[in-house]
Amino acid sequence: MNDLADRVMGGELRALSRLLSLLERGEPAAAPAMERLDPQTGRAYTVGITGPPGVGKSTLVDRLTEHLRQLGLSVGILAVDPTSPFTGGALLGDRIRMQRHYLDAGVFIRSVATRGQSGGLPRIVKSMVRLLDAAGKDVVLVETVGVGQTELGIMGVADTVIVTMMPESGDAIQTLKAGVMEIADLYVINKADRDGANRMAAAVTAMLHMSDRSDGWNPPVLLTQAHANAGIAELWDSVGQHRSFLNDTGGLERRRLERRRQEFLESVQEEIYRRITRRLAADARLNQLLADIDGKQAEPYAAALGLLADEGLELLGGPAAL
Ligand SMILES: Nc1nc2c(ncn2[C@@H]2O[C@H](COP(=O)(O)OP(=O)(O)O)[C@@H](O)[C@H]2O)c(=O)[nH]1
Ligand SMILES: [Mg+2]
């Protein structure tokens with residue numbers, strides 16, 4: 001496995017792909033390689049681009065990538081679609097949108113299927129970002145479809161979060177729930193070629209005036225036309241300003257430390273879940289407990305706490321099952 005890590009550091013794309021696949025499948029075999037790569041991380045700058053389907057996130061990523069390449073920066077792209085276990089369609093669209101970069105050795109693109117994992121953005125995306133970082137990418141762009149919890153999850157992976165909207169999605173302002181406003185470092189109104197873009201920008205700006213960010217950053221509201229490559233350089237300049245702000249205030253360090261801790265805690269949670277579901281098939285006591293829950297001899301919440309308190313480690317397979 002350390003061999004795999006060395007090949008990633010040596011710039012071998014097949015090794016990088018393979019390690020990403022191991023992470024994607026939740027294979028513990030990825031851990032030794034990640035351990036070896038970890039000291040190499042911390043150099044890449046990660047930008048999250050979230051928003052509803054169809055607003056132009058992939059087109060923005062494509063244009064930003066073009067801009068970054070002109071600046072001489074290497075780019076890693078993760079296109080994550082956690083909305084459905086059947087993500088083929090959306091990801092195919094992303095591929096087409098970013099096709100021209102597939103031949104560029106300075107760009108690495110990966111679609112991430114999250115197989116219907118519930119909750120926020122899955123832990124593996126954090127690990128994948130660190131992997132692309134260790135592989136030497138200067139900038140990592142993470143595109144996620146923003147729906148409910150996943151939208152908030154992007155904060156857990158990105159140094160700068162761009163929330164994307166477009167005119168005509170009239171309810172978009174309403175969906176700017178308090179949580180989203182707290183995570184958005186930059187607002188982009190894409191499709192500014194359409195009616196209502198200025199009105200929408202004004203409405204978002206007005207909302208921003210009513211809420212104070214706890215970290216003191218004032219998120220800018222930008223207009224872009226991704227398909228026409230308009231506003232892209234300005235967008236990247238704004239990312240740079242936010243990056244400087246984070247550097248000056250210690251916010252970057254704080255975000256990154258928080259992210260590492262979250263990745264650890266989520267990994268613990270994930271691993272316990274993985275072990276327990278695997279054992280459901282095999283363990284007679286666990287099956288009896290399930291039958292008791294079915295038959296109301298056991299109450300689900302109390303039974304779960306009892307299980308973990310009394311015989312959790314043993315049932316989870318203990319340290320030997322790692
Ligand atoms: N009119 C207009 N269309 C755009 C613009 N940017 C992207 N699009 C189109 O919007 C559609 C959805 O774009 P896509 O990048 O796949 O959106 P995503 O689902 O958010 O990733 C595509 O047909 C794009 O060509 C823009 O600035 N103006
Ligand atoms: Mg897309």
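Which residue in S5 does Gly-48 stand opposite? In this predicted model, Gly-48 faces Val-161, and the two belong to strands S1 (residues 45-51) and S5 (residues 160-165), which run parallel and are joined by 4 bridges. Helices (H or I, at least four residues) and strands (E, at least two) are DSSP runs, numbered from the N terminus, and two strands pair if DSSP finds at least two bridges between them. Residues are numbered from 1 along each chain as its sequence is written, while chains are lettered from A and ligands numbered from 1 in the order in which they are written. Because the model is predicted, local features need pLDDT of at least 70 and side-chain atom pairs count only at pLDDT 80 or more, whereas totals for chains, interfaces and linings use all residues.

The wider setting is an open sheet of 7 strands with parallel pairing, in the order S3-S2-S4-S1-S5-S6-S7. At its edges stand S3 (107-113) and S7 (221-223); each has a single partner strand, so one side of each lacks a neighbour in the sheet. From one strand to the next the twist averages 20°, with axes fitted as lines to C-alpha atoms, for helices over the stretch in contact, and angles running from 0 to 180 degrees between N-to-C directions.

Strand S2 (residues 75-81) pairs in the parallel sense with S3 over 7 bridges, and Val-80 stands opposite Val-112 there. With S4 (residues 139-145), S2 forms 6 bridges, again in the parallel sense, and Leu-78 stands opposite Val-142. A residue is called buried if 20 or more other C-beta atoms lie within 10 Å of its own, exposed if 12 or fewer, and partly exposed in between, with C-beta atoms placed from the backbone. By this criterion 7 of the 7 residues of S2 are buried, so the strand is largely enclosed by the rest of the structure.

Helix H4 (residues 57-70) is also largely enclosed, because 10 of its 14 residues are buried; among them are Lys-57, Ser-58 and Thr-59. Its end C-alpha atoms are 20 Å apart, in agreement with the 20 Å expected at 1.5 Å a residue, where the expected span is 1.5 Å times one less than the number of residues. H4 is followed by Gly-72, whose phi is positive, near 85°.

Turning to ligand 1, 16 residues surround it, the closest being Gly-56, Lys-57, Ser-58, Thr-59 and Ala-226; a residue counts as near if its C-beta atom, placed from the backbone, lies within 6 Å. H4 gives the largest share of this shell, 3 residues.
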